[in-house]
Amino acid sequence: MLKVENLVVRYGMIEAIKGISFEVNDGEIVTLIGANGAGKTTTMHTISGLLKPASGSITLDDKDLVKTPAHEIVSMGLAQVPERRRVFAQMTVEENLELGAYTRKDKEKIAEDFKMVYELFPRLEERKKQPAGTLSGGEQQMLATARALMANPKIVLMDEPSMGLSPLLVKEIFSIIKDINSRGVTVLLVEQNAKMALEIADRAYVLENGKIVLEGTGEELMNSDDIKKAYLGG
């Protein structure tokens with residue numbers, strides 16, 4: 001579904017991403033793990049059109065994303081749940097969700113998707129008239145995820161969904177990711193909590209200093225001595 005080939009991204013003279021290649025197949029959960037500064041968020045922003053690469057290709061269902069504006073990429077079926085939530089604090093929960101569907105015209109299906117996200121996130125329905133800025137960190141993460149789902153995406157890019165959350169909420173968020181995937185949405189997950197990410201991932205790639213240094217199934221990387229030492233405290 002999503003294919004990244006020989007991707008190079010620069011900030012001025014600094015090469016942040018150094019020719020990486022990976023793919024995400026339809027129906028998978030694929031995770032990118034790595035330390036801070038490895039290039040995970042830069043990769044996500046480039047896929048979703050917020051950054052332009054120096055070279056390389058990105059395709060979604062064989063359609064070129066590099067030359068496509070970010071808002072058109074959303075219409076093609078790719079939505080991002082950004083790092084640190086980025087909800088619209090002054091707007092209500094409901095208004096945030098409506099914005100998630102701004103590229104769509106299918107009113108009946110939008111109404112169905114409102115029901116679906118409220119079923120997934122009952123707390124959001126309880127708070128639908130509240131300003132998003134009054135929600136807890138965990139609730140804001142749920143809202144950011146639900147807002148992405150309102151775009152009716154084929155694939156969701158999730159950037160550090162567990163950041164700043166309590167261990168109990170982290171478990172809940174990862175359970176929700178599995179639920180979203182079981183409903184037919186493909187997931188590309190960037191996550192510092194390598195253990196939780198590898199537990200739910202079909203496949204995983206390890207990013208270090210802008211390069212992919214290891215890849216395999218989630219289970220293979222969970223059992224890798226190198227990964228245990230570097231990321232799992234083993």
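Student: Which residue stands opposite Lys63 of strand 5?

Tutor: Leu60 does. Bear in mind that this is a predicted model. Strand 4 and strand 5 (residues 63-64) pair in the antiparallel sense, over 2 bridges.

Student: How many residues lie between strand 4 and strand 5 in the hairpin?

Tutor: There are 2 residues between them. Asp61 sits in that turn, with a positive phi of about 50°. Asp61 is not a glycine.

Student: Which other residue has a positive phi although it is not a glycine?

Tutor: Asn6 is one, with phi at about 50°. Compare the settings. Asn6 is found in strand 1. Asp61 is found in the loop between strand 4 and strand 5.

Student: Back to Leu60. What is its bridge partner in strand 1?

Tutor: Leu2 is the bridge partner of Leu60. Leu60 also stands opposite Lys63 in strand 5. Strand 1 (residues 2-11) and strand 4 (residues 55-60) pair over 5 bridges, in the antiparallel sense.

Student: How many bridges join strand 1 to strand 2?

Tutor: The count is 8, and the two strands run antiparallel. For one position to inspect, take Arg10, which stands opposite Glu15 in strand 2.

Student: In what order do the 4 strands lie in the sheet?

Tutor: Read it as 2-1-4-5. The sheet is open and the pairing is antiparallel. Strand 2 and strand 5 are the edge strands, since each pairs on one side only.

Student: Now confidence. Which element has the highest mean pLDDT, and which the lowest?

Tutor: General idea before the case. Where pLDDT is low, the predicted coordinates should not be read in detail. Here strand 4 has the highest mean among the elements, at 97. Helix 10 (residues 225-231) has the lowest, at 83. The protein chain averages 91, and 99% of the residues score at least 70.

Student: Next, charges. How many salt bridges are there?

Tutor: The idea is simple. Side chains of opposite charge can pair when their charged atoms come close. The cut-off used is a side-chain nitrogen of Lys or Arg within 4 Å of a carboxyl oxygen of Asp or Glu. By this rule the count is 12.

Student: Which residue forms a salt bridge with Glu28?

Tutor: Arg203 does, and the closest N and O atoms are 2.8 Å apart. The pair links distant parts of the chain, 175 residues apart. Glu28 lies in the loop between strand 2 (14-24) and strand 3 (29-33), while Arg203 lies in strand 9 (residues 203-208).

Student: Are Glu28 and Arg203 buried or exposed?

Tutor: The limit for buried is under 20% relative accessible area. Glu28 has 11%, so Glu28 counts as buried. Arg203 has 19%, so Arg203 is buried as well.

Student: And Asp61 from the turn? Which side chain meets Asp61 in a salt bridge?

Tutor: That is Lys154, at 2.8 Å from N to O. Asp61 lies in the loop between strand 4 and strand 5, and Lys154 in the loop between helix 6 (137-149) and strand 7 (155-159), so the pair ties together parts that are 93 residues apart in sequence.

Student: Why do Asp61 and Lys154 count as partly exposed?

Tutor: Partly exposed covers the range between under 20% and over 50%. Asp61 has a relative accessible area of 33%, so Asp61 falls in that class. Lys154 falls there too, because its value is 34%.

Student: Which residues are linked with Arg183 in a network of salt bridges?

Tutor: Glu119 and Asp179 are. The side chains of Arg183 and Asp179 meet at 3.2 Å, N to O. Arg183 is partly exposed, with a relative accessible area of 40%. Asp179 is partly exposed as well, at 28%.

Student: Last, the surface. Which residues form a nonpolar patch there?

Tutor: Phe88, Leu99 and Tyr102 form it. Together they have about 290 Å² of accessible area.

Student: Where is Phe88, and why can Phe88 belong to a patch?

Tutor: Phe88 is in the loop between strand 6 (78-81) and helix 3 (93-100). A patch residue needs over 30% relative accessible area and no salt bridge. Phe88 has 41%, so its area passes that cut-off, and Phe88 is partly exposed.

How values were computed:
Residues are numbered from 1 along each chain as its sequence is written. This is a predicted model: local features need pLDDT of at least 70, side-chain atom pairs count only at pLDDT 80 or more; totals for chains, interfaces and linings use all residues. Side-chain values use heavy atoms; hydrogens and water are left out. Patches are made of residues with over 30% relative accessible area and no salt bridge: like charges are joined within 9 Å, nonpolar side chains (Val, Leu, Ile, Met, Phe, Trp, Tyr) within 5 Å. Accessible areas come from the Shrake-Rupley method with a 1.4 Å probe; for residues, only the protein chains shown count as cover. Buried means under 20% relative accessible area, exposed over 50%, partly exposed in between (1.4 Å probe, protein chains only). Two strands pair if DSSP finds at least two bridges between them. pLDDT is the predictor's confidence in each residue, from 0 to 100.
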